[in-house]
Structure formats: structure tokens, C-alpha cells
Amino acid sequence: MQFDIAFFLDFVFNPRPALLRGLLTTVLVAFASMVIGVVLGLVLSLFGLSRWRVLRWFNSAYIFVFRGTPLLVQVILIYFGLPYLTNVDLFPQDVHLFGFISISGAIVAGVTAFALHEAAYFSEISRGAIASVDHGQWDAGRAVGMTPGLLMQRIILPQAIRIMLPPLGNQMNGMFKATSLLYLIAVPEMLFITDAVNSVTYKTFEVYLGVSIYYLALTTAWSFLQEALEKRYSKGFVSI
């Protein structure tokens, strides 16, 4: 069989509406997972820095589990395993959020798995960034009467965020690619749509090479945005 360049170019530059919807699903799932994962990871990092031993143990155990097991296994356990274990349909076909937003239960399961997985990595990223802030900054904040929460918000986090940005950007790049795992739980993201096209056309190399171009475009665009953010925030404090 010969490479069908006409079909390949049509697939890439004249995408089907379903593929564009899959692209949108990929982007939205990636960003939603990262936002939730960053928030959870920041909380976990504070647990890791806590003087309370039980919180430090919880942080260590969480990181041990979620960084030590494959993301694919976590997706399967959450989507298939939790409903089986609880005997409750946790991820129905349609999940209603805030009374007016309806999304697929499989997407909710995927975002949950990705966010929990990302939280384990961001916990270590943010913990290291916070710990790297000069200890004199803590002493200066306490000396002027700042509460721990205000000190963290106004002094420590603005400096730590600049340190977090490069690894956080790399994690976002990884998240774009990780969304392809949703294919296994029938979420119509890019890889799922690509496989559906392949099953009809049998143009295996063309369609999978084509979707690779889309993933490359996503990660490249994010790399430029990441570079711009790093340049922007390397010039001074981040305002929170």
C-alpha cells in the first residue's frame, strides 16, 4: 500500500467537524485537569510543609501512590473500579453541574483521574519552590506582624510561582498528550475520533500521522505561551 498524500493533507488541513470537537475536548479536559490538579497539589504541598506529622504522612502516601502507579491504571480504577466498589453509578452518561451544564460522566472520570495524578507531581513542584524562597523572607513577614496566610499570599507564593512556571509548563505539555488515554473510556477526544476515521477508511498511517500533527501543534503553541509567561514573570514579582 502507498501513502495517500491527498487523503493525509485533507485530513490535516480540512478536518472533519468531529475531529475539531475532539480537539476542543482535548484542550478543555487538559486545562480543567491542570487547574484542579494545581489547586490540589498546592494544598498537598502545604501538608508536606506542615508541622503536623499526620499531614506530612498523608502527603507522602498520596505522592507514593499516584506517582508510583501508571496513569492508565488510575483512569481505569476510577472509571470502572470505583462504581464497582461502591455499587453506585458515579459517572452516569450525563452529569449535570451547577444545574445547567451537562457533560459526559466519562469526561468527569477522566478529569478526576488526571487532576489527582497531576496533584501528586505539582505537590512536589510547589513544595520545592516554596522551600527555595529565602528563609529571611519568612522572618521579615513575621517581623511586621503578618499572619501565616497573608505571608504566604503576599510574600512567599509570588516568589515561588516564578520557580514553578517552567516545570508547570512541562506538566501541561504532558497533559495534552495524556488526554489520549480517554480513548479507552470512550471519550470522543482526538485519538478516539482518529480511530473511528481509521476504522472506516483503513488509512492507518495517514490518520495517525495526521493526529500527531495536531498534538504537535498543541504542544508547540503551549511552549511559545510558556516561554512568554516565563519572560513576563522573570522580570518581577507575580501579583496575587
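Leu9 is partly exposed, with a relative accessible area of 40%. Partly exposed here denotes values between the buried class (under 20% relative accessible area) and the exposed class (over 50%), with a 1.4 Å probe and protein chains only. The model is predicted: local features need pLDDT of at least 70, side-chain atom pairs count only at pLDDT 80 or more, and totals for chains, interfaces and linings use all residues. Residues are numbered from 1 along each chain as its sequence is written, and side-chain values use heavy atoms, with hydrogens and water left out.

Leu9 lies in helix α1. Helices are DSSP runs (H or I, at least four residues), numbered from the N terminus. Leu9 belongs to a nonpolar surface patch together with Phe3, Ile5, Phe13 and Phe205. The accessible area of these residues together is about 570 Å². Such areas come from the Shrake-Rupley method with a 1.4 Å probe; for residues, only the protein chains shown count as cover. Patch members have over 30% relative accessible area and no salt bridge; nonpolar side chains (Val, Leu, Ile, Met, Phe, Trp, Tyr) are joined within 5 Å, like charges within 9 Å. Helix α1 (residues 5-13) supplies the largest share of the patch, three residues.

Salt bridges were assigned by distance (a side-chain nitrogen of Lys or Arg within 4 Å of a carboxyl oxygen of Asp or Glu). By this rule the count is three. One of them joins Asp4 to Lys203, with the closest N and O atoms 3.0 Å apart. This pair links distant parts of the chain, 199 residues apart. Asp4 sits in the segment before α1, and Lys203 in the loop between α8 (190-201) and α9 (204-233). Asp4 is partly exposed, at 25% relative accessible area. Lys203 is also partly exposed, at 22%.

Another salt bridge falls within helix α5 (residues 105-132). There the side chains of Arg127 and Glu124 meet at 3.1 Å, N to O. The two residues are three apart, about one turn of the helix. Arg127 counts as partly exposed at 30% relative accessibility. Glu124 is partly exposed at 26%.

Helix α9 holds both Lys231 and Glu227, four residues apart, again about one turn. Their side chains form a salt bridge with an N to O distance of 3.5 Å. Glu227 is partly exposed, at 39% relative accessibility. An α-helix has 3.6 residues a turn, so residues three or four places apart point the same way.

Helix α7 (residues 148-178) departs from a straight course. A straight helix of 31 residues would span 45 Å at 1.5 Å a residue (the expected span is 1.5 Å times one less than the number of residues). The end C-alpha atoms of α7 span only 36 Å. The helix bends by about 50° at Ile156. The bend is the angle between axes fitted to the seven residues ending at a position and the seven starting there. A proline, Pro158, follows within four residues.

The unreviewed UniProt entry places the feature "transmembrane region" at residues 23-49, 61-85, 97-117, 181-201 and 207-225. UniProt positions follow the numbering used here, feature names are shortened, and annotations may be inferred rather than shown by experiment. Residues 23-49 are 100% helix and 0% strand, with end C-alpha atoms 38 Å apart. Residues 61-85 are 92% helix and 0% strand, and their end C-alpha atoms are 21 Å apart. Gly37 is found in helix α2 (residues 17-49). Gly37 is buried, with a relative accessible area of 0%. The C-alpha atoms of Gly37 and Thr69 are separated by 17 Å, the residues being 32 apart along the chain.
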